Amino acid sequence: MKVHVANHPLVSHKLTVLRDEQTDSPTFRRLVEELVTLLAYEATREVRTYEVEITTPVTKTKGQKLADPRPVVVPILRAGLGMLEGMSKLLPTAEVGFLGMVRDEKTLEATTYANRLPEDLSGRHVFVLDPMLATGGTLIMAFHYLIDLGATDITAICILSAPEGIAAVEKEFKNSKVPITIVTGALDEKLNEHGYIVPGLGDAGDRLYGVV
Ligand code: URA
């Protein structure tokens, strides 16, 4: 498994504003969108392309276009939905599947309440959007669904990650034949006793959409 931690002043700046408890929801949503676009630039580095010949106003030349089958983007509801717009700006032709998952606040176990994925993911590069990689339980479950459907490559984009979550995903998929990459804005210090990332940014879903 590959882990890429963004090391870029713009990401650090936006993360600092995002973490601040004074940041309101509209600003939080805009920053999440901007951060995803920056992280997606790194996450799509290995996306498949093919060569085409085109004619510019000046001459004929060769270029690259996104290959078929198109990538699939899978936001994990609810908080991952806040990342979809930023990702779609970079990959407007990608197909979108949805996974709705919620974690029990006491046991921290993830359960799935919605699953709308393409039936066959063979040959597809899947980009999973989940802002907070905390215990890793949600991503592990999501990756298993995608591998079972035949995904060829899986890349998760997470705004923040905890070392415990990265270690759990790494352990679970250490023998996986499907290449897995995690691209994250920052690797934080730890999880607290409630499963929150420290220093983190609180509950990403609540900060995006309010407390429900
Ligand atoms: N989910 C969140 O929204 N925040 C955390 O810190 C951990 C999981």
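1. The lining of the largest pocket comprises 15 nonpolar, eight polar and six charged residues. The model in which this pocket appears is a predicted one. The space within the largest pocket amounts to about 620 Å³. Ala79, Met101, Arg103, Asp203 and Gly205 are the closest to its centre among the 29 lining residues. Two or more lining residues come from each of β4 (72–77), β6 (98–103), β9 (132–133), α4 (137–148) and α6.

2. The second largest pocket has a volume of about 230 Å³. It is lined by 14 residues, of which Lys2, Ala43, Glu46, Thr155 and Thr181 are the closest to the centre. At least two lining residues are supplied by each of β1 (2–5), α2, β10 and β11. By class, this lining divides into five nonpolar, four polar and five charged residues.

3. The interior should be considered next. In soluble globular proteins, nonpolar side chains tend to be buried together. Here the largest nonpolar core has 35 residues, and the members that touch the most others are Leu18, Met87 and Ile159. The elements that each contribute at least two residues to this core are the helices α1 (9–19), α2 (25–43), α3 (84–90) and α6 (204–209), together with the strands β8 (125–129), β10 (153–161) and β11 (180–187). With eight residues, α2 gives the most to the core.

4. Which residues does Met87 contact, once neighbours within four places in sequence are left aside? They are Val36, Ala40, Thr44, Val73, Phe127, Leu129 and Ile157. A second core, separate from the largest, has 25 residues, among them Val72, Val74, Leu121 and Cys158.

5. The structure holds 10 salt bridges. One of them joins Asp188 to Arg19, with the closest N and O atoms 2.8 Å apart. This pair connects distant parts of the chain, as Arg19 belongs to helix α1 and Asp188 to the loop between β11 and β12 (190–191), 169 residues apart. Are the two partners buried or exposed? Asp188 has a relative accessible area of 8%, so Asp188 is buried. Arg19, at 24% relative accessibility, is partly exposed.

6. A further salt bridge is formed by the side chains of Glu33 and Lys89, at 2.4 Å from N to O. Because Glu33 lies in helix α2 and Lys89 in helix α3, this salt bridge ties together parts that are 56 residues apart in sequence. Glu33 is partly exposed at 21% relative accessibility, whereas Lys89 is exposed, with a relative accessible area of 53%. The cut-offs place buried under 20% and exposed over 50%, so Glu33, at 21%, counts as partly exposed.

7. Asp68 and Arg70 also form a salt bridge, in which the closest N and O atoms are 3.0 Å apart. The partners belong to separate accessibility classes: Asp68 counts as exposed at 61% relative accessibility, and Arg70 as partly exposed at 26%.

8. Finally, salt bridges link Lys14, Arg30 and Glu34 in a network.

Technical notes:
Residues are numbered from 1 along each chain as its sequence is written. This is a predicted model: local features need pLDDT of at least 70, side-chain atom pairs count only at pLDDT 80 or more; totals for chains, interfaces and linings use all residues. Side-chain values use heavy atoms; hydrogens and water are left out. A nonpolar core is a set of buried Ala, Val, Leu, Ile, Met, Phe, Trp, Tyr and Cys residues joined through side-chain atoms within 4.5 Å. Buried means under 20% relative accessible area, exposed over 50%, partly exposed in between (1.4 Å probe, protein chains only). Helices (H or I, at least four residues) and strands (E, at least two) are DSSP runs, numbered from the N terminus. Contact means heavy atoms within 4.5 Å. On a 1 Å grid over the protein atoms alone, a cavity is a set of points where a 1.4 Å probe fits but cannot get out, and a pocket is an open set with protein on both sides within 12 Å along at least five of seven lines; lining residues have an atom within 4 Å of a point. Grid points are joined across faces, edges and corners, and a volume is the space filled by probe spheres set on the points. Ala, Val, Leu, Ile, Met, Phe, Trp, Tyr, Cys and Pro count as nonpolar, Asp, Glu, Lys and Arg as charged, and the others, Gly among them, as polar. A salt bridge is a side-chain nitrogen of Lys or Arg within 4 Å of a carboxyl oxygen of Asp or Glu.
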